[in-house]
Amino acid sequence: MMASADSLEMLKIAAAAADAKGGEDLVALDVSEPLPLVDVFLLVTGRSERNVAAIADEIEDKLNEAGHKRLRREGRAESRWVLLDFGDLVVHVFHQEERAFYALERLWKDCPVLPVEVATRPAD
């Protein structure tokens with residue numbers, strides 16, 4: 001099984017939203033093989049709790065605008081690891097320390113990495 005076209009479109013929207021709010025180290029994993037109910041994990045790092053919250057809020061807003069409804073959200077109050085579940089796409093927005101500690105890339109290392117495309121920002 002492979003990630004659906006709809007999942008890849010959601011990934012594109014979420015990645016652009018994360019990038020717009022300063023999300024770093026974006027990694028997308030195709031988890032459709034081991035997880036039959038999810039196609040893609042997007043992992044994003046924020047520099048502070050405030051940044052993590054802003055990234056998660058922007059992703060949620062942009063996906064909602066595109067017609068994708070959030071099924072569940074966890075961790076927004078603490079903003080150290082916010083999980084946004086959109087069904088086929090699950091977004092994990094981590095504070096730097098949590099990203100290193102939980103190392104989801106290592107846990108899901110057997111899953112294919114998907115390209116994450118974000119527009120390049122103009123140099124200051």
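In helix H2, the buried residues (under 20% relative accessible area with a 1.4 Å probe, protein chains only) are Asn51, Val52, Ala53, Ile55, Ala56, Glu58, Ile59, Glu60 and Leu63. The model is predicted, so local features require pLDDT of at least 70 and side-chain atom pairs count only at pLDDT 80 or more, while totals for chains, interfaces and linings use all residues. Residues are numbered from 1 along each chain as its sequence is written, and side-chain values use heavy atoms, with hydrogens and water left out.

Helices (H or I, at least four residues) and strands (E, at least two) are DSSP runs numbered from the N terminus. Helix H2 contains 17 residues and spans 24 Å from its first C-alpha to its last, close to the expected 24 Å at 1.5 Å a residue; the expected span is 1.5 Å times one less than the number of residues. Its buried residues pack, through contacts (heavy atoms within 4.5 Å), against H1, S2, strand S3 (72–74), S4 and S5. Just after H2, Gly67 adopts a positive phi of about 95°.

Helix H1 (residues 5–20) has 16 residues and reaches 23 Å between its first and last C-alpha, close to the 22 Å expected. Among its buried residues are Met10, Leu11, Ala14 and Asp19. The buried residues of H1 pack against S1, strand S2 (40–46), helix H2 (49–65), strand S5 (89–95) and strand S6 (113–114). Gly22, just after H1, takes a positive phi of about 85°.

In soluble globular proteins, nonpolar side chains tend to be buried together. A nonpolar core is a set of buried Ala, Val, Leu, Ile, Met, Phe, Trp, Tyr and Cys residues joined through side-chain atoms within 4.5 Å. The largest such core has 23 residues, and those with the most contacts inside it are Leu42, Ile59, Leu63, Leu89, Val91 and Val93. Two or more residues of this core come from each of H1, S2, H2, strand S4 (81–85) and S5, with H1 giving the largest share, six residues. Leu89 touches Met10, Leu11, Ala14, Val40, Leu42, Leu63 and Leu84, not counting residues up to four places away in sequence. Another core, of 12 residues, lies apart from this one and includes Val31, Val38, Phe94 and Trp108.

Asp30 is located in strand S1 (residues 24–30). Although buried, Asp30 has no salt bridge (a side-chain nitrogen of Lys or Arg within 4 Å of a carboxyl oxygen of Asp or Glu); the nearest side chain of opposite charge, Arg99, is 16 Å away. Residues touched by Asp30 include Met2, Asp39 and Cys111.

Methods. Buried < 20%, exposed > 50% of the residue type's maximum accessible area, 1.4 Å probe, protein only. Lys, Arg positive; Asp, Glu negative; His and termini not counted.
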